[in-house]
Amino acid sequence: MSRKTNEFNIGLKKDINNILSKKCFLPVLKHYSDKFNIPLDVSSLYIKQRISRCFIMKSDKFDRKLDNAYIIVSIIKYFSFLIYTLSLSSRKNLVESKKFELLIEGIQSQSEIDRWLKLEHEFNLDNTVFIAKSEMGNVIKSKHNISVNKSMHNYERKFLIRLFFKSFFHDIFFLVRSSLNLGINLVHIHTLYVNDYLYYLNVFQNCRAKFMIQDRNLGMTNALKNHLFIKSGGNLSTCVQKNIVQHNANSLFFDTDILFTLGEETAEDLFDFGARISNVIPVGSLAMESMGALSDITSQNSNNSKEIDILYIGINAVNVKREDYIEYYNSVKWLTNLSITYPNLRILIKHHPSWNDDAIECNIIKNSNIKYLDKALDSYQLSSQSNLIVTYGSTMGYELIGCGHKVLFFDPNNANPFLIDSLNRSKNVIKEYNIAELMLGEIDKIPDIKDKRKYCICNENVSKSIYQYLKNKKNT
């Protein structure tokens, strides 16, 4: 059975491609090629992704910022952007670039740095630099190489002067005319393009490296950034799979040279969604490695004495403007009904530490025996104390399959956006409540998932695997 979410995403990709397949889009690409010296295919992929990220799932339409009626507002915003960045600009290039082996991009917190410590160790601290958009404290700086590059700060003054005084009116006239022909407000996209171009040009002038890596959510890759990195002398842009490919607009038009994945098939959908990926390398879970969770999970997995019958791993649905999260709440209703049918089962819900109390979810379970676990507890350790893991869309479900745990995914109404095709076809994805009721009546008989490597490689040395791959690439 094909998934509604998969069909929707492929349809949205086709719609965007059709819009930009018009002859009047080619001059737009040539405009960026002439002005910024960016290849046509790079600009095309970048613009397509920016358009896709303006799609609002809940309302099933694009953000009004893409409407041509919003052009005047976008022109004012672009003008203000140029004024502001010009006031904060600097002369280039007064400082000599620093050279590294590895550049880790997009760091936002100490906990994110912690995930990369083993890879930093493999490359050596002196050969590794973290790129951040904000200051994160002197303690961190004393231990690592961190280059802070604030957005809209210290951009190249000469280039901004040229954009503002020499080509502003020409650019606006061209973009407005092209917007009317395409039916999309390109002035809004243009501001994002210019900002990304100048920001990453600044980053890669300050820090040069052979390899760039990130683990942002899969929708946050950037074709323009990756091209500028290679242009600055880099060898490969790479990305570590942090989350499952979610079937929404944010997973369209992914871009990277190398994608280090959780499992052998956890990124297959990206190719259907318009991705440019040169090589997919399955390595396992960086998150599990950084938390030292794998040895605990595998050593306790065979223990027959478990404290928890069913551990339900939740997702943060509250405050997320996604219509398909209705099915997440339906999966919680299934769980509630199961707790009433089997009152002797100890069923617990564990959420991510960033979860805030969800009034809708709390109301669903209030008349059941289901309890919440402290969200600060270690989810991996809790999984080792559980006979069965149930989830709607947690990436941990895939990680735990790879470790040999019994895992079920609930999929009410065949609308779960977190399922890869091979898993969706298995018996461990439950699409009807009566089947869930039968299976939970005999947890011990729930089948193990075969070909676990499809979903997550059980690897204690993810960082070493990444390092060895890149080292071999460096020597070829």
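Me: Which strands does helix H10 lie across?
Reply: Good place to start; this is a predicted model in which local features need pLDDT of at least 70, side-chain atom pairs count only at pLDDT 80 or more, and totals for chains, interfaces and linings use all residues. Residues are numbered from 1 along each chain as its sequence is written, and side-chain values use heavy atoms, without hydrogens and water. Helices (H or I, at least four residues) and strands (E, at least two) are DSSP runs, numbered from the N terminus. Helix H10 (186–206) runs at about 120° to E6 (axes are lines fitted to C-alpha atoms, for helices over the stretch in contact, with angles from 0 to 180 degrees between N-to-C directions), and the strands H10 lies across are E3, E4 and E6.

Me: Which strands stand at the edges of the sheet?
Reply: Seven strands form an open, parallel sheet in the order E5-E4-E3-E6-E7-E8-E9, where a pair needs at least two DSSP bridges. An edge strand has a single partner, so one side is left without a neighbour in the sheet; that applies to E5 (146–148) and E9 (276–282).

Me: Which residue in E8 is the bridge partner of Thr238?
Reply: Strands E7 (236–240) and E8 (255–261) pair in the parallel sense, over three bridges. Across in E8, Thr238 has as its partner Ile258.

Me: Which helix gives the most to the largest nonpolar core?
Reply: Such a core is a set of buried Ala, Val, Leu, Ile, Met, Phe, Trp, Tyr and Cys residues joined through side-chain atoms within 4.5 Å. The largest one has 68 residues, with Ile47 and Tyr78 touching the most other members. Eleven of its residues come from the top contributor, H10.

Me: Is H2 roughly parallel or antiparallel to H9?
Reply: Helix H2 (26–36) and helix H9 (168–182) have axes 11 Å apart and pack at about 160°. Angles under 35 degrees count as roughly parallel, over 145 as roughly antiparallel, 65 to 115 as roughly perpendicular and the rest as oblique. That is why H2, relative to H9, is roughly antiparallel.

Me: Is Ala223 buried or exposed?
Reply: Ala223 lies in helix H11 (223–231) and touches Val42, Leu45, Tyr46 and Asp255, leaving out residues up to four places away in sequence; contact means heavy atoms within 4.5 Å. The cut-offs are under 20% relative accessible area for buried, over 50% for exposed and in between for partly exposed (1.4 Å probe, protein chains only). Ala223 has 6%, so the verdict is buried.
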